[in-house]
Amino acid sequence: MKEKLLASAQKLIPPSEKARKEFNAKIGILVDKGNKSMAARPDLDKLICAENLEMAENNNSNFARFMDSMFVAYDPSILVETVLWVFKAYRSHGFLPTYWAANLDIWLRMLEKELSDESFKAISPFYNWIVVNIPIFVKLTDECLSVEIPCGTNDR
């Protein structure tokens, strides 16, 4: 499964310098809007556990900076390993797999609204790649989460 992730990540084409610079210039706006959108969700406590709001907000900031670094020097193996690490780490704190679907949906809508069409078309495949592969990231990290985790059951 991990090989499948890597093979599909190798097909992603890094965005142009122009698209990357546009994304970079809007990171602060995107993080702020993303955090506000997630905070407004009535199911947020279930997605992240009530005590993890700051962690979710930090995730948005770190995620944006990580994606920016990927756009500068794209390495498919770093993308795969980092996303796997994030799934393990955050799921161990009680984040549900559906958190990423919800958060990435917000990011894709924001990117489409905030970026030029050209930049959105160059950057959105990276976000869509993560969305499409959420089930694989969940399956690969399930084995690491066989012990009871905070805020619920082992289905996180």
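**Entry 1: Glu114**

Which residues does Glu114 touch, not counting residues up to four places away in sequence? I looked this up in the predicted model and noted five names: Glu22, Lys26, Ile29, Leu30 and Lys33. Next I checked where Glu114 sits, and found Glu114 in helix α7, which covers residues 97–114. Is Glu114 buried or exposed? I read a relative accessible area of 16% for Glu114. Buried means under 20%, so Glu114 counts as buried. I also looked for a polar partner: the side chain of Glu114 makes a polar contact with the side chain of Lys33, at 2.5 Å.

**Entry 2: α3 beside α7**

Lys33 led me to helix α3, since Lys33 of α3 and Glu114 of α7 both appear where these two helices meet. I remembered that two packed helices are described by the angle between their axes and the distance between the axes. For α3 and α7, I wrote down an angle of about 135° and axes 10 Å apart. The two helices are therefore oblique to each other. I noted their crossing as right-handed. Who makes the contact? From α3, I listed Ile29, Leu30, Val31, Lys33, Gly34, Ser37 and Met38. From α7, I listed Tyr99, Ala102, Asn103, Ile106, Trp107, Met110, Leu111 and Glu114. Sorting the contact of α3 with α7 by class, I got ten nonpolar, three polar and two charged residues.

**Entry 3: α3 beside α5**

Then I turned to another partner of α3. At what angle do helix α3 and helix α5 pack? I found about 150° between α3 (residues 27–39) and α5 (residues 53–72), with their axes 9 Å apart. An angle over 145 degrees counts as roughly antiparallel, so α3 and α5 get that description. I noted that α3 passes α5 in a right-handed crossing. On the α3 side, I wrote down Ile27, Val31, Gly34 and Asn35. These meet Ala56, Glu57, Asn60, Ser61, Ala64 and Asp68 of α5. By class, I count this contact of α3 with α5 as four nonpolar, four polar and two charged residues.

**Entry 4: Asn60**

I picked Asn60 for a closer look, and its place is in helix α5. How accessible is Asn60? I read 1% relative accessibility, so Asn60 counts as buried. Leaving aside neighbours within four places in sequence, I found Asn60 in contact with Val31, Gly34, Asn35, Asn103 and Trp107. Two of these names come with polar contacts between side chains: Asn60 with Asn35 at 2.7 Å, and Asn60 with Asn103 at 2.9 Å. I had already met Asn35 in α3 and Asn103 in α7, so I could place both partners. I also checked a pair along the chain: Asn60 and Ala9 are 51 residues apart, and their C-alpha atoms are separated by 21 Å.

**Entry 5: Phe71**

My last stop was Phe71, also a residue of helix α5. What separates the C-alpha atoms of Phe71 and Arg20? I found 6.1 Å, for two residues that are 51 residues apart along the chain. Is Phe71 buried or exposed? With a relative accessible area of 4%, Phe71 is buried. Leaving aside neighbours within four places in sequence, I listed the contacts of Phe71 as Pro15, Arg20, Phe23, Ile123, Phe126 and Tyr127.

Notes. Residues numbered from 1 in each chain as written. Predicted model: local features only at pLDDT ≥ 70, side-chain atom pairs only at ≥ 80, totals over all residues. Heavy atoms only, no water. Axes fitted to C-alpha atoms, helices over the stretch in contact; angles between N-to-C directions. Helix = DSSP H or I, 4+ residues; strand = E, 2+ residues; numbered from the N terminus. Parallel < 35°, antiparallel > 145°, perpendicular 65-115°, else oblique. Left-handed = near helix turned anticlockwise from the far one by under 90°. Contact = heavy atoms within 4.5 Å. Nonpolar A, V, L, I, M, F, W, Y, C, P; charged D, E, K, R; others polar. Buried < 20%, exposed > 50% of the residue type's maximum accessible area, 1.4 Å probe, protein only. Polar contact = N/O pair within 3.5 Å; in protein donor to acceptor, adjacent residues only side chain to side chain.
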